[in-house]
Amino acid sequence: MPPFNLETCARPNILALQPYRCARDDYKDNGTNILLDANENAYGPSLSATAAAAADTDVDLLGLNRYPDPHQRDLKQLLCTLRNTHAHTPKTLTPDHLFVGVGSDEAIDALLRCFCVPGRDRILVCPPTYGMYSVSAQVNDVALVKVPLLPAPDFALDVDAISDTLSSAENNIKLVYLCSPGNPPGSLLSKSDVERLLAHPTWNGVIILDEAYIDFAPEDASLAELVTEHPNLVVMQTLSKAFGMAGIRLGAAFAAPPIARLLNNLKAPYNISSPTSTLATSALGGDGLATMRRNRAAIVRQRDRLIAELPKVEGIGRLRGGTASNFLLYEVLDAQGRPDNATAQAVYERLAESQGVVVRFRGNEHGCLGCLRITVGTEDEVTRFLEAITKVLAEVRGLQEPDGGAA
Ligand SMILES: *Cc1c(COP(=O)(O)O)cnc(C)c1O
């Protein structure tokens, strides 16, 4: 018997939830019914005439006076179609495998509320990793257990250490949040490492794989369809990165139907706004996908350019982690040639304050000493960044020379 048992893993109050029902679950909006069930405003949205006209042509915002669809099955089907590659299993994802939320951030939080009893249960994370797992855990009064990634050579999972930690029942670990490609490491986790964790012989918990950057990784890298094989796997994705739709807030969690059902039961019924749904549907349609692929190809070209050009800049050290994402993690070296946080922090500040170029200092993260995380921008932005960092590094490191950079 595999140890995963949803009935004992999820919180009892969530298992017992009766989802909120609206009258339109009983009587569909067929376009001819008059809708006097939900206390909406039948006179329409309060928009200026110009906003209303623009809305009508662009994204049909005139239905804004109505509550959005709580189920979003058409949108879910588009997400399934995108991920049914059959690269990893002959089985097929359906809308019953999905939860959609206000960004992946809603899924991160919903999973915590679904499985972790506040003040008792814990989650496991693998630093360096995305900050929202710990923020959301703290909001929910759920403690963290950290098992760092193995920095050399490529920020891989420490599968043995994670397995040992999960084996101790007194750790009360319900969820493991993994990020692939990682943020900030930018490397893909190995499929066999993830599968080893899924096959843990005694642990009754859920593995969550955050694939926010998966469309920048090689073809067929997504493991989303593996949720058809594993009752204890959740794969999160988002339209915020490769699809360029961070402003609409649309994230998804693929899971076996029993977990997806719990997440759907606990969410607020109208979490996905109708403009978000309309725009996400457009992004996942034929033209939207073609645009995403074109933009992704441009980003990959600029990523390759940064990988070629950055090592030539005096004071840039090793690329840390991988290249499967739309950002790169590079060491900044002090005047003695050592990766150094003070230098990286100074470069970070000067880049922003004197050059108007904002990157992210990640030097305090595990295994990231002296590192900056640089998002791949447009061709012009990369050009500007390369000029700026060359200049700023020369200035900052010049000040560190024994002669104070007078030379
Ligand atoms: C950017 C990012 C997300 C996206 O979050 P949204 O709420 O969907 O915008 C999720 N996970 C990681 C690791 C990220 O870096």
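Start with the empty space: this predicted model holds two cavities of 30 Å³ or more.

**Stop 1: the largest cavity**

Select Cys-126, Pro-128, Thr-129, Leu-149, Phe-155 and Tyr-177. Add Leu-178, Cys-179, Gly-182, Pro-185, Ser-187 and Leu-189. These residues line the largest cavity. About 80 Å³ of space lies inside the largest cavity. Colour the lining by class, and you get nine nonpolar residues, three polar and no charged.

Keep Pro-128 on screen. What kind of peptide bond joins Pro-127 and Pro-128? The bond is cis, with omega about 0°. Pro-128 sits in the loop between strand S2 (122-125) and H7, and it is also one of the residues lining the largest cavity.

Now select Ser-180 and Pro-181. The peptide bond from Ser-180 to Pro-181 is cis as well, with omega near -5°. Pro-181 belongs to the loop between strand S4 (173-179) and helix H9 (191-198). Most peptide bonds are trans.

**Stop 2: the second largest cavity**

Select Leu-79, Leu-82, Arg-83, Gln-237 and Thr-238. Then add Leu-239, Phe-243, Leu-250, Gly-251 and Ala-252. Together they line the second largest cavity, which holds about 60 Å³ of space.

Switch to a cartoon view. Which elements each supply at least two residues of this lining? They are helix H5 (73-83), strand S6 (233-238) and strand S7 (251-255). H5 gives the most, with three residues. By class, the lining of the second largest cavity has six nonpolar, three polar and one charged residues.

**Stop 3: the largest pocket**

Stay with H5 and turn to the largest pocket. The volume of the largest pocket is about 470 Å³. To find its centre, select Pro-19, His-71, Lys-76, Asn-264 and Asn-265, the closest to it of the 20 lining residues. H5 and helix H10 (257-266) are the elements that give two or more residues to the lining. H10 gives the most to the lining of the largest pocket, with five residues. Colour by class again: the lining of the largest pocket has nine nonpolar, three polar and eight charged residues.

Next, select Gln-72. Is its phi positive or negative? Phi of Gln-72 is positive, near 55°. Most residues other than glycine have a negative phi. Gln-72 lies in the loop between helix H4 (49-58) and H5.

**Stop 4: H6 against H10**

Keep H10 in view and show H6 (residues 103-115). The axes of H6 and H10 come within 10 Å and cross at roughly 100°. H6 is therefore roughly perpendicular to H10. To see the contact, select Ala-110, Leu-111, Arg-113, Cys-114 and Phe-115 on H6. On H10, select Ile-259, Leu-262, Leu-263 and Leu-266. The residues of this contact divide into eight nonpolar, no polar and one charged.

**Stop 5: H6 against H7**

Hold H6 and bring up helix H7 (residues 132-139). The axes of H6 and H7 come within 10 Å and cross at roughly 45°. That angle makes H6 oblique to H7. The crossing of H6 and H7 is right-handed. Select Asp-105, Ile-108, Asp-109 and Leu-112 of H6, with Met-132, Tyr-133, Ser-136 and Ala-137 of H7, to show the contact. The contact of H6 with H7 has five nonpolar, one polar and two charged residues.

**Stop 6: H12 against H14**

Finish with helix H12 (residues 286-309) and helix H14 (residues 379-400). How are their axes placed? They come within 10 Å and cross at roughly 15°. H12 is therefore roughly parallel to H14, since angles under 35 degrees count as roughly parallel. The crossing of H12 and H14 is right-handed.

Select Gln-302, Arg-305, Leu-306 and Glu-309 in H12. They meet Glu-379, Val-382, Thr-383, Phe-385 and Leu-386 in H14. By class, the contact of H12 with H14 has four nonpolar, two polar and three charged residues.

How values were computed: Residues numbered from 1 in each chain as written. Predicted model: local features only at pLDDT ≥ 70, side-chain atom pairs only at ≥ 80, totals over all residues. Heavy atoms only, no water. 1 Å grid on protein atoms, 1.4 Å probe; cavity = no way out; pocket = protein on both sides within 12 Å on 5 of 7 lines; lining within 4 Å. Points joined across faces, edges and corners; volume = space filled by probe spheres on them. Nonpolar A, V, L, I, M, F, W, Y, C, P; charged D, E, K, R; others polar. Helix = DSSP H or I, 4+ residues; strand = E, 2+ residues; numbered from the N terminus. Axes fitted to C-alpha atoms, helices over the stretch in contact; angles between N-to-C directions. Parallel < 35°, antiparallel > 145°, perpendicular 65-115°, else oblique. Left-handed = near helix turned anticlockwise from the far one by under 90°. Contact = heavy atoms within 4.5 Å.
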